[in-house]
Amino acid sequence: MNDDIAEIIFSEEQIQKKVRELAGKISNDYRNKQLTIVSVLKGGIPFLSDLLKHIDIPLSIDFIAAASYKNTESSGIVRFIMDLREPAENKNLLIVEDIVDTGRTLDYICKNLKTRKPKSLKICALLDKSSRRIKNIKIDYFGFEIPDKFVVGYGMDYNELYRNLPYIGILKSKVFRQKKGVNCS
Ligand code: IMP
Ligand code: MG
């Protein structure tokens with residue numbers, strides 16, 4: 001699998017250091033508040049899992065899944081494929097996402113969640129590809145800004161593969177050519 005990676009842009013150590021920093025800020029900001037983390041499946045899973053280990057306040061977790069992707073290009077159409085299990089009303093929701101690209105997914109999720117009247121709604125995303133933004137999204141906690149390149153690893157996939165890499169990298173161009181035609185989520 002590692003043979004498919006052209007370049008590592010964030011190592012496991014860099015990611016873990018950043019996650020600890022973010023977890024520290026979140027713990028301070030939500031101390032004495034009831035926090036519900038909303039993890040966006042599937043890409044947000046490794047990030048969620050590592051954040052949880054370092055957030056030192058009581059919290060609950062819930063999951064949401066949305067799909068908008070076809071291969072490496074966003075189709076622009078977002079749809080829910082799984083909803084929260086618990087009511088969101090009056091909760092301090094913190095959405096945890098792998099990456100904000102065009103912002104369409106989070107725009108859709110946030111607009112939907114706001115109709116449920118949470119007490120607060122904030123966003124934590126590990127990566128920010130701000131040069132591609134179409135929708136105006138305020139990321140309250142973010143890890144790294146990245147250039148306009150398609151990345152994989154640490155939850156992020158290409159055709160459902162590479163999510164289990166502990167680092168974030170860029171695929172070799174020959175891998176894109178070989179695996180065209182299957183949808184991502
Ligand atoms: P957006 O709606 O364009 O902001 O895209 C959001 C979703 O697309 C992210 O949550 C990722 O799951 C996926 N995505 C965006 N950029 C990348 C990338 O470079 N690699 C893998 N997945 C990506
Ligand atoms: Mg995602």
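Is Asp98 buried or exposed? I started my notebook with that one. Asp98 counts as buried, because its relative accessibility is 11% and the cut-off for buried is under 20%. A reminder to myself: this is a predicted model.

**Entry 1: the metal**

I looked up Asp98 because of the magnesium ion, ligand 2, which Asp98 coordinates through OD. Glu97 is also a donor there, through OE, and the distances run from 2.4 to 2.5 Å. I checked Glu97 as well, and its relative accessible area of 7% makes it buried.

**Entry 2: the largest core**

Next I went for the nonpolar residues. The largest nonpolar core has 28 of them. Ile26, Phe47, Leu51, Leu127 and Ile168 have the most contacts inside this core. I then asked which helices and strands each supply at least two of its residues. My list has helix 1 (12-29) and helix 2 (45-54), plus strand 2 (35-41), strand 5 (92-100), strand 6 (120-128), strand 7 (141-145) and strand 9 (168-171). Helix 1 gives the most, with five residues. I also jotted down a rule of thumb: in soluble globular proteins, nonpolar side chains tend to be buried together.

I picked Phe47 for a closer look. Skipping its neighbours within four places in sequence, I found Phe47 in contact with Val19, Leu22, Val96, Glu97, Cys124, Ala125, Leu126 and Tyr154. So one of the contacts of Phe47 is Glu97, the magnesium donor from my first entry.

Apart from the largest core lies another one, with 18 residues. Val78, Leu84, Ile95 and Cys110 are among them.

**Entry 3: aromatic pairs**

How many aromatic pairs does the structure hold? I got three, and I wrote up two.

Phe10 and Phe144 are stacked, with 4.0 Å from centre to centre and 20° between the planes. Phe10 sits in strand 1 (residues 5-10) and Phe144 in strand 7, so this pair ties together parts that are 134 residues apart in sequence. Phe10 is buried, at 11% relative accessible area, and Phe144 is buried too, at 13%.

Then I turned to Phe80 and Tyr108. Their ring centres are 5.2 Å apart and the planes meet at 55°, so I logged the pair as tilted. Phe80 belongs to strand 4 (residues 73-82) and Tyr108 to helix 3 (residues 104-114), so the pair links parts 28 residues apart in sequence. Phe80 is partly exposed, with a relative accessible area of 22%. Tyr108 also counts as partly exposed, at 31%.

How values were computed: Residues numbered from 1 in each chain as written. Chains lettered and ligands numbered in written order. Predicted model: local features only at pLDDT ≥ 70, side-chain atom pairs only at ≥ 80, totals over all residues. Heavy atoms only, no water. Core = buried A, V, L, I, M, F, W, Y, C linked by side-chain atoms within 4.5 Å. Buried < 20%, exposed > 50% of the residue type's maximum accessible area, 1.4 Å probe, protein only. Helix = DSSP H or I, 4+ residues; strand = E, 2+ residues; numbered from the N terminus. Contact = heavy atoms within 4.5 Å. Donors = N, O, S within 2.8 Å, 3.2 Å for Na, K, Ca; no water. Phe/Tyr/Trp six-rings, centres within 6.5 Å; stacked < 30°, edge-to-face > 60°.
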